[in-house]
Amino acid sequence: MNFNLGPLLPPPTNPSRATLVLDLDETLVHCNSERLSDDDIYIPMRFKANGVYYEEAFVSKRPFLDEFLQKAGQLFECVLFSACSRPYGDRIIDELDKWNVFSARLYRDACTEDDGYTVKDLRCLGRPLHRVIIMDNTPDCYFYQPTNALPITSWYDDLKDTELLELIPFLDQLATSIGILADLKTFRYKRSIQHQATVPHLHYNPNFKPS
Ligand SMILES: [Mg+2]
């Protein structure tokens, strides 16, 4: 629970940049009990992630994470906002953020518990909300500010996943946009159309008769 009354972030070093809030687990990485690839980050410590206790773990990076992070760091004030524990999150970010992309790291104690949901309340950041983007695989997390959402699918182990790579041109667009929330709305709309196109039962069926 976030009991802070003041903003969670210090004043911005570059106020002209919008703020990109990035989730960790299943957005940028996935934690396994076995090694999936030589690139995995080894964590020799006891911790809990997604309700499971690990004595040690291997954290896999989503494909194109390095490219995505470097681009994000050039364009935005990047803030990690994860519901994980600080020791777990810090161990991962220390390893994968070779470019010091993240200017701040917020963890479980910065989240808000609301009726069983863990919510990342962007009002606590101390940034103008029309200049904040939250990229998260779990819609519950941006339940309070859905208009700021840049949705992304959950990633576990698909090494052919290209979602981070495909988002890079949109990051470019958002960084110079005078209407970030409008651009996000258009993005979400197009994305929902694409998703419907891959789910046949959602198509309009003129021959459908209710039983
Ligand atoms: Mg997540």
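This passage walks through the strands, helices and core of the structure shown above, which is a predicted model.

A convenient place to start is the open sheet, which is built from five strands in the order 8-7-1-11-12 with parallel pairing. Its edges are formed by strand 8 (102–106) and strand 12 (149–151); each has a single partner strand, so one side of each is left without a neighbour in the sheet. From one strand to the next, the twist averages 25°. Within this sheet, strand 1 (residues 19–22) is joined to strand 7 (residues 77–81) by four bridges in the parallel sense, and here Val21 of the one stands opposite Val79 of the other. Helix 2 (residues 86–96) lies across strand 7 and strand 8, and its direction makes an angle of about 160° with strand 8.

A second set of pairings centres on strand 6 (residues 57–61). Four of the five residues of this strand are buried, so strand 6 is largely enclosed by the rest of the structure. Strand 2 (residues 29–32) pairs with strand 6 in the antiparallel sense, over four bridges, with Val29 bridged to Lys61. Strand 3 (residues 41–43) is likewise antiparallel to strand 6, with three bridges between them; in this case Ile43 has Ala57 as its bridge partner. For readers following the side chains on screen, it helps to recall that in a regular strand they alternate between the two faces of the sheet.

Turning to the interior, the largest nonpolar core contains 45 residues. The members that touch the most others are Leu20, Val21, Leu22, Cys78, Ile133, Ile134 and Met135. Val21 has thus appeared twice, as a residue of this group and as the one opposite Val79 in strand 7. Ile133 offers a good view of how separate parts of the chain meet. Setting aside neighbours within four places in sequence, Ile133 is in contact with Ala18, Leu20 and Val21, with Asn148 and Leu150, and with Leu174, Ile180 and Leu184. Of these, Leu20 and Val21 are also among the core members with the most contacts to other members.

The last stop is Gln173, a residue of helix 3 (residues 163–175). Gln173 has 11 C-beta neighbours inside 10 Å and therefore counts as exposed, the limit for that class being 12 or fewer. The C-alpha atom of Gln173 is 8.5 Å from that of Asp183, a residue 10 positions away along the chain.

Note on methods. Residues are numbered from 1 along each chain as its sequence is written. This is a predicted model: local features need pLDDT of at least 70, side-chain atom pairs count only at pLDDT 80 or more; totals for chains, interfaces and linings use all residues. Helices (H or I, at least four residues) and strands (E, at least two) are DSSP runs, numbered from the N terminus. A residue is buried if 20 or more other C-beta atoms lie within 10 Å of its own, exposed if 12 or fewer, and partly exposed in between; C-beta atoms are placed from the backbone. A nonpolar core is a set of buried Ala, Val, Leu, Ile, Met, Phe, Trp, Tyr and Cys residues joined through C-beta atoms within 7 Å. Two residues are in contact if their C-beta atoms, placed from the backbone, lie within 7 Å. Two strands pair if DSSP finds at least two bridges between them. Axes are lines fitted to C-alpha atoms, for helices over the stretch in contact, and angles run from 0 to 180 degrees between N-to-C directions.
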